[in-house]
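Me: I would like the reasoning behind the labels. Please set each value against its definition.

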Amino acid sequence: MIFIATIKEIAKACNVSISTVSNILNGKNKASDEVKKLVLETAKEMNYVPNYMAKNLKQKNTKTIGIIAEDLTIFHTPSIIDGISEFMEEKGYTLLMGNMRLYQKYGNFFYKEENYDSLVEDEVQQMLAKRVEGIIYIEGHYHVMDNISELFSVPLVAVYGRVKNPEITSIIYDDEQGGYEATKELLANGHRKLGLIKGTEASYHTLERRKGFLRALYEYQIPFNPSWEICGDWNRTDGYEGAKRLVKEGVTGIFAMNDLMAAGVYDYAVKYNLTIGKDLSVIGFDNREICAAFTPALSTMALPLRKMGTIAADYLIQKIEHPEPSHQDEYKIPCEILKRKSVCRL
């Protein structure tokens, strides 16, 4: 076990007052060089670590930011936090992390739980008690939060979802643009019989990506065929079943609204001796790690997760350091298309 000394223990070891040690460690004391050297060397030997929390409680400007994640295990959250951490580190801010674990406790529709609002309120109050200057709230799934803005006495930025209050900035990625770019990649390679394997009907991501799909078809003057649109539930099995129906309909290119459903298309191709990138083209969405393991590698839309974290951190610091009212309630960041060999030219 590592022993970590307090200022009182250092003062006793050096036979000086507690205030002398405190002032020297904070660079404020006019003590002799001999005393300064003794205190600093003793502090090092005794593994002294400053108590930043106690220090912050005495200061108005704590240089501390709170991050509240609805669930750290949801795939997009760690990369967003990494972007926040990098930016805040450069600006000299300390981060406090709160993980609500809502997905782990309640499943995919945790935000519809009856006690959801009270759980959020409890987490916010715990974070405010630690005297943070601002909070970044990372949603586990896109949804619109009605009452969260009423809980905050410090600046707030929401990421991956929205807050109903227009004074609170929300950082999201552009699903519609992503759906458009994915579909255009298939069209630009000569495919005219396009199948769509979409997510759940009520999902914001499904609706927006479908808008992009239809916009691309309109630009290329390709009629929309509703029989080539399959509704899935974001899982691999639905991708397989969707591919089974679409290939029988004669489609040559498939836009799967996430990489897991695209994986199901690969599964179907393997079972029926079809070569992805030759007999059938497919593009996914999300750029999950699984994409690189496919043969051939899956073309997909990469989510700008780290950038979302960076922009959220930048916005929050602006709100803290320049607290004038802000009127931009939503900031959409474009997705990036990653062109690989799963899409071939006809």
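The turns below take up pockets, sheets, helix pairs and backbone exceptions.

Reply: This is a predicted model, in which local features need pLDDT of at least 70, side-chain atom pairs count only at pLDDT 80 or more, and totals for chains, interfaces and linings use all residues. Residues are numbered from 1 along each chain as its sequence is written, and side-chain values use heavy atoms, with hydrogens and water left out.

Me: What makes a space a pocket, and what makes it a cavity?
Reply: The test runs on a 1 Å grid over the protein atoms alone. A cavity is a set of points where a 1.4 Å probe fits but cannot get out. A pocket is an open set with protein on both sides within 12 Å along at least five of seven lines. Volume is the space filled by probe spheres set on the points, with points joined across faces, edges and corners. The largest pocket holds about 850 Å³. One cavity reaches 30 Å³ or more, and the volume of the largest cavity is about 30 Å³.

Me: Which residues line the largest pocket nearest its centre?
Reply: Lining residues have an atom within 4 Å of a point. The largest pocket has 29 of them, with Asn108, His141, Ser203, His205 and Trp234 nearest the centre. Helix H9 (residues 204-219) gives the most, three residues.

Me: How are the lining residues of the largest pocket and the largest cavity classed?
Reply: Ala, Val, Leu, Ile, Met, Phe, Trp, Tyr, Cys and Pro count as nonpolar, Asp, Glu, Lys and Arg as charged, and the others, Gly among them, as polar. The pocket lining then divides into 13 nonpolar, 11 polar and five charged. The cavity lining has seven nonpolar, one polar and one charged. Among the cavity residues are Arg192, Phe213, Asn225 and Trp228.

Me: How do you know that E7 and E13 pair?
Reply: Strands (E, at least two residues) and helices (H or I, at least four) are DSSP runs, numbered from the N terminus. Two strands pair if DSSP finds at least two bridges between them. Strand E7 (residues 169-173) and E13 have four, in the parallel sense, so they pair under that rule. Ile171 stands opposite Tyr331 in E13.

Me: Why are E2 and E13 called edge strands?
Reply: The open, parallel sheet has six strands in the order E2-E1-E3-E5-E7-E13. Strand E2 (94-99) and strand E13 (330-333) each pair on one side only. The twist averages 20° from one strand to the next.

Me: Why are H1 and H2 called roughly perpendicular?
Reply: Axes are lines fitted to C-alpha atoms, for helices over the stretch in contact, and angles run from 0 to 180 degrees between N-to-C directions. Angles under 35 degrees count as roughly parallel, over 145 as roughly antiparallel, 65 to 115 as roughly perpendicular and the rest as oblique. The axes of helix H1 (residues 7-14) and helix H2 (residues 18-25) cross at roughly 110°, coming within 8 Å. H1 and H2 are therefore roughly perpendicular.

Me: What makes H8 oblique to H9?
Reply: The axes of helix H8 (residues 175-188) and H9 come within 7 Å and cross at roughly 40°. That angle makes H8 oblique to H9.

Me: What is exceptional about backbone geometry, in general terms?
Reply: Most residues other than glycine have a negative phi, and most peptide bonds are trans. Asn273 is not a glycine, yet has a positive phi of about 55°. A cis peptide bond joins Thr295 and Pro296, with omega about -5°.
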